[in-house]
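Grab a coffee and open the structure in your viewer. Below are some short exercises, each with a worked solution to check yourself against.

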Amino acid sequence: MRAALLALALAALPAGAEEFTTLKGHGGPVMALAISPGGEVTSASFDNSVGLWSGRAPTWLEGHAAAVTALTWGPGGALVSGSDDFAVRQWRPVDRLLGKHKGKVTSLSVAPDGNHAASGSWDGSIRLWPLTEAGRAGELPYPGAGVNAVAHSPDGRFLYAATSKGVLLQYNLDTGGSPLPLVEHGFGINRLVIGPGWIAYGAVDGGTRVIDAATGEQIADFTLDRRPILALSWHAETAQLAVGDGHGYIMMVDTEQWRITRDFRAMRHGPVWALAFAPDGQVIYAGGLDDVVYAWPVALLDELDAPQGSGQRSFLRDPETMSNGERQFMRKCSICHALTPGPSRKAGPSLHGVFGRQAGTLPGYSYSDTLTEAGFAWTEETIDALFDEGPDHYIPGSKMPMQVIAQPSDRADLIAFLKSASEGNRK
């Protein structure tokens, strides 16, 4: 009976909307998604790249030196990305570096007229980048804390910003001056969506609320016992708001009647970090811990028996099934490094054959100048020092994230595992 109902539901869907889709090719978790004006799925990943998908075939846009965490399309076909390398890049219709913050770029928004892009950063800055000769440029007044989200009003007069201190601010781009606080939520606000006369926001404490854009008064509250809220996406034509959280659920809200229509567990393990609707609103795309973009027909979310996103990252395996050295590798290294030979789409170079190799010399990987000029080889001693002091102290200026393994016995176990596994002797 369930199969028959599912078949009937599929038959009622528009052509092309009934397919479950997976887009595979990234080398790390999917951190951001955006859909082009022409319907191309665009994904950003921990592997430092942006994927522009034609069907299931990706074109890789390379240029960031760290995880790409923000992505947006704007009028005129402007594709802009932001990264943990502090940079804001434009990829379409021209390829150029727009500039840099002094901290991680968390959010982007292109003005409705397509003349400028706005970016927010954990360094507490909000910057405007001209995309055309008529575009605005400069930095807005300090918002009081790190910025998690920015979004333009539909008419382009206002820019809204959400901070790590839980304040939602309104900037008047026409008159300038200090921002107007609309909400003081009390917990960091992670995401914003701006609709006609309303603002939806998602927060660290799991709060999902809708307020009047002019007064800040609450219109609706969809807070559930799941936290944090990590992704929001709105499809205007079908009046659907999608909400992704740290427990792996996608909640669908009807923004005309302000009611929850569906609540679907999309990921078996881990969060939903990114959401985007197909142009017709019939399919929702999602990204999380997997190296995969998943898509589900919205009409069938309540019909599915099990979540599709596996979340089966290697570092989520049962620790009891691994030696201590392998556990250290999975937790500290595996998201960025492979142990197999050959090219990899992961953010870091393969560690196959790493012992005895000069730092910064693996062919095909774009190293920082710090590593290419380091002048040492990877040995038991240098790897031990790397994790004893931390990359930021041992080789400052490299792309390696800050991390330390404090216990000498844990470092020794990691090195022993690497010596075996990096030479193909893993059992």
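## Charges over rings

Let's warm up with a lysine: Lys 419 lies over the face of Phe 355, at 6.0 Å from the ring centre. Keep in mind that this is a predicted model.

**Exercise 1.** Find the ring that Arg 89 lies over, and say how far it is from the ring centre.

*Solution.* Go to Arg 89 and look for the aromatic face beneath it: the ring belongs to Trp 91. The distance to the ring centre is 4.9 Å.

## The sheet around strand 8

**Exercise 2.** Work out the order of the strands in the open sheet that holds strands 6 to 9, and name the edge strands.

*Solution.* Step one: trace the four strands across the sheet, and you get the order 6-7-8-9, with antiparallel pairing. Step two: look for strands that pair on one side only, which gives you strand 6 (68-74) and strand 9 (96-100) as the edges. Step three: check the twist; neighbouring strands here are turned by 20° against each other on average, ignoring direction.

**Exercise 3.** Describe how strand 8 is joined to strand 9, then find what is special about the peptide bond from Arg 92 to Pro 93.

*Solution.* Start with the pairing: strand 8 (residues 87-92) runs antiparallel to strand 9, and four bridges join the two. For a concrete pair, pick Val 88, which stands opposite Gly 99 in strand 9. Now move to the loop between strand 8 and strand 9, where you'll find Pro 93. The bond from Arg 92 into Pro 93 is cis, with omega near -5°.

## Tryptophan pairs

**Exercise 4.** Classify the pairing of Trp 53 with Trp 60, and decide whether each residue is buried or partly exposed.

*Solution.* A pair of aromatic rings is described by the distance of the centres and the angle of the planes. For Trp 53 and Trp 60 those values are 5.8 Å and 75°, and the pair is edge-to-face. Next, accessibility: Trp 53 has 2% relative accessibility, so it counts as buried. Trp 60 comes in at 24%, so it counts as partly exposed. A search of the whole structure turns up eleven aromatic pairs, so to speak of one more, try the next exercise.**Exercise 5.** Why is the pair of Trp 198 and Trp 234 edge-to-face, and which strands does it link?

*Solution.* The ring centres are 5.1 Å apart and the planes stand at 80°; planes over 60 degrees apart count as edge-to-face, so that is the label for this pair. Then see where the partners sit: Trp 198 is in strand 19 (residues 198-203) and Trp 234 in strand 22 (residues 229-235), 36 residues apart, which makes this a link between distant parts of the chain. Trp 198 is buried, at 6% relative accessible area, whereas Trp 234 is partly exposed, at 26%. Finally, widen the view: Trp 198 and Trp 234 form one aromatic cluster with Phe 222 and Trp 258.

## The sheet from strand 22 to strand 25

**Exercise 6.** Find the edge strands of the open sheet 22-23-24-25 and explain why they count as edges.

*Solution.* The four strands pair in the antiparallel sense, in the order 22-23-24-25. Strand 22 and strand 25 (259-265) each have a single partner strand, so one side of each has no neighbour in the sheet. The twist from one strand to the next averages 20°. In the middle, strand 23 (residues 240-245) and strand 24 (residues 249-254) are joined by five antiparallel bridges, and Val 243 has Met 251 in strand 24 as its bridge partner.

**Exercise 7.** Check the backbone in the loops beside these strands: what is the peptide bond between Arg 227 and Pro 228, and what is phi of Ala 239 and Trp 258?

*Solution.* Take the loops one at a time.

- Pro 228 is in the loop between strand 21 (218-221) and strand 22; a cis bond joins it to Arg 227, with omega about -10°.
- Ala 239 is in the loop between strand 22 and strand 23. Its phi is near 55°, positive although the residue isn't glycine, and at 6% relative accessibility Ala 239 counts as buried.
- Trp 258 is in the loop between strand 24 and strand 25, and its phi, near 50°, is another positive value in a non-glycine residue.

## Nonpolar cores

**Exercise 8.** Which helices give two or more residues to the largest nonpolar core, and which gives the largest share?

*Solution.* Begin with the core itself: 22 residues, with Phe 329, Leu 339, Trp 378, Phe 387 and Leu 414 having the most contacts inside it. The contributing elements are helix 2 (324-332), helix 4 (380-389) and helix 6 (408-421). Helix 6 gives the largest share, five residues. There is also a second, separate core of 17 residues, including Met 252 and Leu 301.

Now zoom in on helix 2, where the buried residues are Gly 325, Glu 326, Gln 328, Phe 329 and Met 330. Part of their cover comes from helix 6.

Notes: Residues numbered from 1 in each chain as written. Predicted model: local features only at pLDDT ≥ 70, side-chain atom pairs only at ≥ 80, totals over all residues. Heavy atoms only, no water. Pairing = 2+ DSSP bridges. Axes fitted to C-alpha atoms, helices over the stretch in contact; angles between N-to-C directions. Phe/Tyr/Trp six-rings, centres within 6.5 Å; stacked < 30°, edge-to-face > 60°. Buried < 20%, exposed > 50% of the residue type's maximum accessible area, 1.4 Å probe, protein only. Lys NZ or Arg CZ within 6 Å of the ring centre and 35° of its normal. Core = buried A, V, L, I, M, F, W, Y, C linked by side-chain atoms within 4.5 Å. Contact = heavy atoms within 4.5 Å.
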